[in-house]
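Hello, and thanks for sharing this one. Below are my notes, point by point, for you to read alongside the coordinates.

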Amino acid sequence: MASKVFVLLVAAFVAVAVEASLAPSARLRGGLRALVDDPECASKRQLTCSDCKTQVRCDKVGGVWFYLGTNTCGGTTPYCEPVNGTCTGDVSLVDDKCTEPEPVNTFNCPSDGYWPDVTNCAKYYICSDGKAYAYDCSSFGNAVYDHKSSSCLARSEATCVTLTCRSPGSFVAYNPDPSIYSFCRSTNSSEAAVLKCEEGRTFSTINNECQVACTKAGRIALADKKRFYDCVDLGNGRMSQPTPGRCPGTSEFNPSLGRCAEKGAPVVTTPAPRTTTRAPTTVP
Ligand SMILES: *[C@@H]1O[C@H](CO)[C@@H](O)[C@H](O)[C@H]1NC(C)=O
Ligand SMILES: *[C@@H]1O[C@H](CO)[C@@H](O)[C@H](O)[C@H]1NC(C)=O
């Protein structure tokens, strides 16, 4: 009995001595049990990645691998590169899924597509499947978001447009795209809702509503299925005024065809032209 106690005491003393000889950081986890490699350090490397942005740090002390902790990559080196376990900003070194953008909840998508951040002219959103993804042109220096081209442009090429909410319940038009406007919930412009007029309409601040306007050539559908507006490209960047039209007889305006068609008529697809075997005549 006494010898058993003695053996236990010696074992405990040895364990404490080994424990004390370890570097302080190596004693963080496991304590006396850490006389085998920590499962977190099974790869027997000082740095590994546990996910796209988390480094796992290990160290070998007295022949045993100890877990030292994790470190989240960030700043200009936000990704954990899996070969050496170092933090990197080089997207080519990391798995494609690591650079997949994550949606934000700071913007309500009116519909899918590109949207300006009306409170910061360098920022914009891409809405996809109802989710908003945030982008910032200032990563290209002093660039601003240009809604016409849906891209970042130098400040000398594009104008910085920011909306200001002056009173709650008011509307503000967004000049670079007259079909976009904001509804101010308060005097805090960040809380304004971004909205878009229906196709073929622009926002009028005179009567605070979307009005039919020619922004491109074609016909604009109306609620009354017999009626439409015609828009003609007059050249040199000029558009005609919206000109009212009416579908004749029993035909109705078909928005997908962009013209009058018989109600319920099947969509006629033009057959492909027959190919001729005649050699094409070359034009000098
Ligand atoms: C990993 O480290 C080695 C040695 O320092 C280096 O040559 C290599 O480029 C590194 N690989 C990556 C992907 O960083
Ligand atoms: C304006 O609204 C935003 C978003 O709700 C909020 O984060 C910000 O603190 C507000 N600013 C002021 C000055 O109240």
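1. Let me start with the sheet built from strands 11, 12 and 13. These three strands form an open sheet in the order 11-12-13, and their pairing is antiparallel. Strand 11 (171-173) and strand 13 (193-196) are the edge strands; each has a single partner, so one side of each has no neighbour in the sheet. On average, neighbouring strands here are turned by 30° against each other, direction ignored. Please keep in mind that this is a predicted model.

2. A closer look at one pairing in that sheet: strand 11 and strand 12 (residues 180-183) are antiparallel and share three bridges. Alanine 173 has tyrosine 181 of strand 12 as its bridge partner, which gives you a handy register check on screen.

3. Next, the nonpolar cores. The largest one holds 22 residues, and the members that touch the most others are Val144, Tyr145 and Ala192. Strand 7 (123-128), strand 9 (144-146) and strand 12 each give two or more residues to this core. Apart from it lies another core of seven residues, including Cys58, Trp65, Tyr67 and Leu68. As general background, nonpolar side chains in soluble globular proteins tend to be buried together.

4. What does alanine 192 touch, leaving aside residues up to four places away in sequence? Its contacts are Val118, Leu163, Cys165, Ser182, Phe183, Cys184 and Arg185. Alanine 192 is also one of the residues with the most contacts to other members of the largest core, so I would colour it when you view that region.

5. Tyrosine 229 makes a good landmark for the pairing around strand 17. Strand 16 (residues 218-221) and strand 17 (residues 227-231) run antiparallel and are joined by four bridges, and a hairpin of five residues connects strand 16 to strand 17. Within this pair, isoleucine 220 stands opposite tyrosine 229. Strand 17 also pairs with strand 20 (residues 243-246), again in the antiparallel sense and over four bridges. There, the bridge partner of tyrosine 229 is proline 244 in strand 20.

6. Is aspartate 136 buried, exposed or partly exposed? Aspartate 136 lies in strand 8 (residues 131-136), and it counts as partly exposed because it has 14 C-beta neighbours inside 10 Å. Leaving out residues up to four places away in sequence, aspartate 136 touches Ala122 and Lys123. Aspartate 117 is 19 residues from aspartate 136 along the chain, and their C-alpha atoms are separated by 9.6 Å.

7. Two backbone angles deserve a glance. Most residues other than glycine have a negative phi. Lysine 44, however, has a positive phi, near 50°. Lysine 44 sits in the loop between helix 1 (2-21) and strand 1 (47-51), and it counts as exposed because it has 10 C-beta neighbours inside 10 Å. Asparagine 236 also has a positive phi, near 55°. Its place is the loop between strand 18 (233-235) and strand 19 (238-239). With 5 C-beta neighbours inside 10 Å, asparagine 236 counts as exposed.

8. Finally, the ligand. Which residues surround ligand 1? They are Glu81, Val83, Asn84 and Leu93. By class, this shell divides into two nonpolar residues, one polar and one charged.

Note on methods:
Residues are numbered from 1 along each chain as its sequence is written. Chains are lettered from A and ligands numbered from 1 in the order in which they are written. This is a predicted model: local features need pLDDT of at least 70, side-chain atom pairs count only at pLDDT 80 or more; totals for chains, interfaces and linings use all residues. A residue is near a molecule or strand if its C-beta atom, placed from the backbone, lies within 6 Å of it. Ala, Val, Leu, Ile, Met, Phe, Trp, Tyr, Cys and Pro count as nonpolar, Asp, Glu, Lys and Arg as charged, and the others, Gly among them, as polar. Two strands pair if DSSP finds at least two bridges between them. Axes are lines fitted to C-alpha atoms, for helices over the stretch in contact, and angles run from 0 to 180 degrees between N-to-C directions. A nonpolar core is a set of buried Ala, Val, Leu, Ile, Met, Phe, Trp, Tyr and Cys residues joined through C-beta atoms within 7 Å. A residue is buried if 20 or more other C-beta atoms lie within 10 Å of its own, exposed if 12 or fewer, and partly exposed in between; C-beta atoms are placed from the backbone. Two residues are in contact if their C-beta atoms, placed from the backbone, lie within 7 Å.
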